[in-house]
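Here are my notes for someone opening this one for the first time. Have it on screen while you read.

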Amino acid sequence: MTQASFPDPQLLAVRILKGERAAVASGLNLLDNALPQARVCAAQLLAALSSGQWLTSGHVIGVTGPPGAGKSSLLSSLIREWRQAGKKVAVLAVDPSSRPESGGGALLGDRIRIKTSTADEGLFIRSLASRNQLGGVATEVWPMSWLLLSCFDIVVVETVGVGQTEIDVAEISDTVCYVAQPASGDTIQYLKSGIMEIPDVFAVNKSDLGGAAQKTAAEIGRSGSRPDRQEGWHYPVCLVSATHHTGIPALIDHLAQHRHFLDSAGLLEQLRFKHQSGWVMRLLKEEFGSFGMQLAGGRSSINERLNSHRLNPFGEYEKTRHQILSRFSPADSSELFIKKEETL
Ligand SMILES: Nc1nc2c(ncn2[C@@H]2O[C@H](COP(=O)(O)OP(=O)(O)O)[C@@H](O)[C@H]2O)c(=O)[nH]1
Ligand SMILES: [Mg+2]
């Protein structure tokens, strides 16, 4: 691929901010491209998008839970409701179980297309299922969710719950919604595992199946103390049925209330900053390892710099990258050697 095949980041940012679908799609492709030139271009694009009120705008919702619990079906109901209320919605579906070749049924996009107009400009769905990814959601998906936040009111990340993914999705979402399967061993395991600490809102789906859903909801409600949780938040457990479309407005209400709670408690900006700095740290660590991080002054120094440039984490990422690369250059090798000696 040549340099000329990358879009101009400034022009692309303008088009994305206007909500042009083609521009949003090509922005996501750029973020998904691992070529070094694309990475530079992507950082410029994200920096150009950073000037808005991104630390407090929109709502990033992580939807997680065991395969088959009804996450995609529920999302389809939620989307219908949000669209009727005039909210613009984007979905990143990171669910390997919904890959067509795995026989996991229709992709979310196909489901939605049945129920909504294909020409709906206020709805954008990108399936990331084909990458066969079970974990590691946060590094790749965070910048994508962030790009979508610049032009949609609600950004949903759907992940299949397999332990680590709940933690990952919590690292990129304002609100984590766990979709429980009634009377399932998965939910019981989940209750025992401590991962229960992570969701902010619980949705027990398939309430149309009767008593089992009520029982599961009661079990979740009773599920012990939650020491690390946000003080003042009541952790609602909602009974819903995606197929019968019941309980959906109440669930929507609880999700919105959680966002409102974060905002009014001054936690939203804090949380998003934590997500952005976490992403930069993971990326730098993946690229350069602990020694590279040391060359950039160490974790706390990088974090301090990120903190003072909250509106431009991508610019800071690029700067830190260059700083590390220049330390690796031959001209600097003697100094590098001395530094290395000092840290021993
Ligand atoms: N009875 C009932 N079945 C449901 C409901 N929601 C989803 N399902 C079914 O559960 C299965 C898995 O749904 P899906 O949305 O693909 O689950 P996901 O793997 O969590 O995304 C499908 O056969 C759905 O038709 C519900 O509210 N009630
Ligand atoms: Mg699904």
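The points below go through the nonpolar cores and then one strand.

1. A word on the ground rules. This is a predicted model, where local features need pLDDT of at least 70, side-chain atom pairs count only at pLDDT 80 or more, and totals for chains, interfaces and linings use all residues. Residues are numbered from 1 along each chain as its sequence is written, chains are lettered from A and ligands numbered from 1 in the order written, and side-chain values use heavy atoms, without hydrogens or water.

2. Start with the largest nonpolar core (buried Ala, Val, Leu, Ile, Met, Phe, Trp, Tyr and Cys residues joined through side-chain atoms within 4.5 Å; buried means under 20% relative accessible area with a 1.4 Å probe, protein chains only). It has 51 residues, and Ile16, Val24, Leu147 and Leu148 touch the most other members. Helix H11 (residues 268-295) gives the most to this core, nine residues; helices are DSSP runs of H or I, at least four residues, and strands runs of E, at least two, numbered from the N terminus.

3. Take Leu148 up close. Leaving aside residues up to four places away in sequence, Leu148 touches Val24, Leu28, Ala90, Leu92, Phe124 and Val155, with contact meaning heavy atoms within 4.5 Å.

4. Now strand S1 (residues 59-64). Six of its six residues are buried, so S1 is largely enclosed by the rest of the structure. His59, Ile61 and Val63 cover one side, and Val60, Gly62 and Thr64 the other.

5. Which strands pair with S1? S4 (residues 154-159) runs parallel to S1 over five bridges, and S5 (residues 175-180) pairs in the parallel sense over four; pairing takes at least two DSSP bridges. Val63 has Glu158 as its bridge partner in S4, while Thr64 has Tyr178 in S5.

Note on methods:
Buried means under 20% relative accessible area, exposed over 50%, partly exposed in between (1.4 Å probe, protein chains only).
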